[in-house]
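Q: Please take one part of this model and go through it closely. Say what it sits against, and then set it beside other parts of the chain.

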Amino acid sequence: MIQGVIGLGTAGCKILKALKEERKDIITYGISFDEEDLKGLDNTILIKTNLKDFKSIYKLRGIAKKQLKNLDFNLSFAFIVSGLGGKVGSSLSPLICEKFRSKGIPSIFIGMMPFKFEKSKHFLSGRTLEYIRRLCNGIILIDNDELLDLYPNLTLQEAYSLSNRYITSALSLLLDPNKEGWNLRKLFLREGYTLLTLAEEDSLEGSLEEALKKLYSKADIKEIKDILALFKGKISLRDLEEIYSILSNQGEANIFVAYDNKVIKTLLLANGLTKTKFSYYDPLQTLDQIDPDYEYSIGLDEINLSYIE
């Protein structure tokens with residue numbers, strides 16, 4: 001199986017650069033409208049456009065669709081990484097996900113959701129996420145607000161750097177097809193959403209409980225099918241007993257535990273979710289009579305209409 005990671009826009013390309021420092025064996029592709037994003041990456045696709053095109057996500061998507069028409073990644077499994085809410089990630093993500101789906105190639109989308117104070121990005125991120133859900137075999141979501149809660153005094157760039165660090169840790173684990181004898185691809189190739197959450201308390205027990213608390217604030221615990229817990233450093237048998245004791249009280253989810261020296265203290269991945277707090281970023285999802293793909297099926301990028309700001 002030929003696996004690879006595709007990074008989209010500034011956020012996705014930064015993840016690729018961090019990943020390449022850890023995993024020289026992974027095939028990566030960087031795609032962006034900005035040449036700066038692609039510096040230092042092996043396989044890159046620069047989509048040519050001009051400043052006025054950024055007035056509309058639909059125009060950007062139309063330009064990208066034409067230029068990526070003949071692109072072939074030559075992969076049999078893909079992780080697609082992007083921020084959501086901005087025009088670049090939201091325009092490129094559905095296109096790349098659709099490209100893999102049309103060829104029957106399984107893919108997992110990893111999306112970074114906007115901060116709660118970035119309210120102008122919430123609706124667009126919610127619309128894009130709903131569309132991607134129909135195209136990818138699995139979706140993993142990262143809540144940037146967790147960084148705001150953990151490290152409120154960080155600058156925005158420092159927060160993004162830290163976000164890249166723990167996303168890279170999770171992605172590196174998922175790229176090992178049979179870590180600890182599990183098939184992690186099958187674990188996250190589920191319908192619905194997977195949430196990634198983290199904590200950094202002094203004790204392992206406190207850190208795990210804090211991560212679970214954050215998880216419950218975003219989704220319904222009863223929906224969770226599997227929980228993958230990733231801890232920093234080696235885990236003693238006593239620690240392992242405590243971990244399973246805490247997680248076993250959280251419903252009927254299957255439990256998997258791993259450790260890695262490069263992660264933040266505790267990192268949880270919980271899958272099988274039909275809704276998360278991000279589902280409400282797009283209020284149109286509550287209206288069944290509205291086609292959630294309306295803006296894509298109309299093909300605004302292909303007809304000569306003026307774009308409204």
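The reply below goes through one strand and its partners, then moves to other parts of the chain.

A: The model is predicted, so local features are described only at pLDDT of at least 70 and side-chain atom pairs only at pLDDT 80 or more, while totals for chains, interfaces and linings use all residues. Numbering starts from 1 along each chain as its sequence is written, and side-chain values use heavy atoms, with hydrogens and water left out.

The secondary structure amounts to 11 helices and 10 strands; these are DSSP runs numbered from the N terminus, of at least four residues for helices (H or I) and at least two for strands (E). Of the 309 residues in the chain, 53% are buried, where buried is under 20% relative accessible area, exposed is over 50% and partly exposed lies in between (1.4 Å probe, protein chains only). Contact means heavy atoms within 4.5 Å. Among contacts between residues at least 6 apart in sequence, 75% join residues at least 24 apart.

The part chosen is strand E10, residues 266-273, where eight of eight residues are buried. Two strands pair if DSSP finds at least two bridges between them. E10 pairs with strand E7 (residues 193-199) in the antiparallel sense, over six bridges. Leu196 has Leu269 of E10 as its bridge partner. E10 also pairs with strand E8 (residues 226-232), again antiparallel, over five bridges. Here Ile227 is matched with Ala270 of E10.

Thr266 belongs to E10 and counts as buried, at 0% relative accessibility. Leaving aside neighbours within four places in sequence, Thr266 is in contact with Thr197, Leu198, Ala199, Ser207, Leu208, Ala211, Leu230 and Phe231. Two of these residues also have C-alpha distances to report. Ala199 is 67 residues from Thr266 along the chain, yet their C-alpha atoms are separated by 5.3 Å. Phe231 is 35 residues away in sequence and 4.8 Å away, C-alpha to C-alpha. Phe231 sits in E8 and is buried too, with a relative accessible area of 1%.

Strand E4 (77-83) gives a second case, with parallel pairing. Seven of the seven residues of E4 are buried, so the strand is largely enclosed by the rest of the structure. Both faces are covered, with Phe77, Phe79, Val81 and Gly83 on one side and Ala78, Ile80 and Ser82 on the other. Strand E1 (residues 3-8) runs parallel to E4 and is joined to it by six bridges; Gly7 has Val81 as its bridge partner in E4. E4 also pairs with E5 in the parallel sense, over six bridges, and there Phe79 is matched with Ile108.

E5 spans residues 107-113 and contains Ser107, which is buried with a relative accessible area of 0%. Outside its neighbours within four places in sequence, Ser107 is in contact with Ala78, Ile80, Phe100, Cys136, Asn137, Gly138 and Leu189.

The loop before E4 looks different in exposure. Asn74 lies there, between helix H3 (57-67) and strand E4, and is exposed, with a relative accessible area of 57%. Most residues other than glycine have a negative phi. Asn74, although not a glycine, has a positive phi of about 55 degrees.

Two helices complete the account. The axes of H4 (residues 87-102) and H5 (residues 122-133) come within 10 Å and cross at roughly 0 degrees. Axes are lines fitted to C-alpha atoms, for helices over the stretch in contact, with angles from 0 to 180 degrees between N-to-C directions. H4 and H5 are therefore roughly parallel to each other, a label used for angles under 35 degrees. In the contact, Ser90, Ser93, Pro94, Cys97 and Glu98 of H4 meet Leu124, Thr128, Tyr131 and Ile132 of H5. These residues divide into five nonpolar, three polar and one charged (nonpolar is Ala, Val, Leu, Ile, Met, Phe, Trp, Tyr, Cys and Pro; charged is Asp, Glu, Lys and Arg; the others, Gly among them, are polar).

H5 has 12 residues and reaches 16 Å from first C-alpha to last, close to the 16 Å expected at 1.5 Å a residue, the expected span being 1.5 Å times one less than the number of residues. Nine of the 12 residues of H5 are buried, so the helix is largely enclosed by the rest of the structure; among them are His122, Arg127 and Glu130.

How values were computed: Angles under 35 degrees count as roughly parallel, over 145 as roughly antiparallel, 65 to 115 as roughly perpendicular and the rest as oblique.
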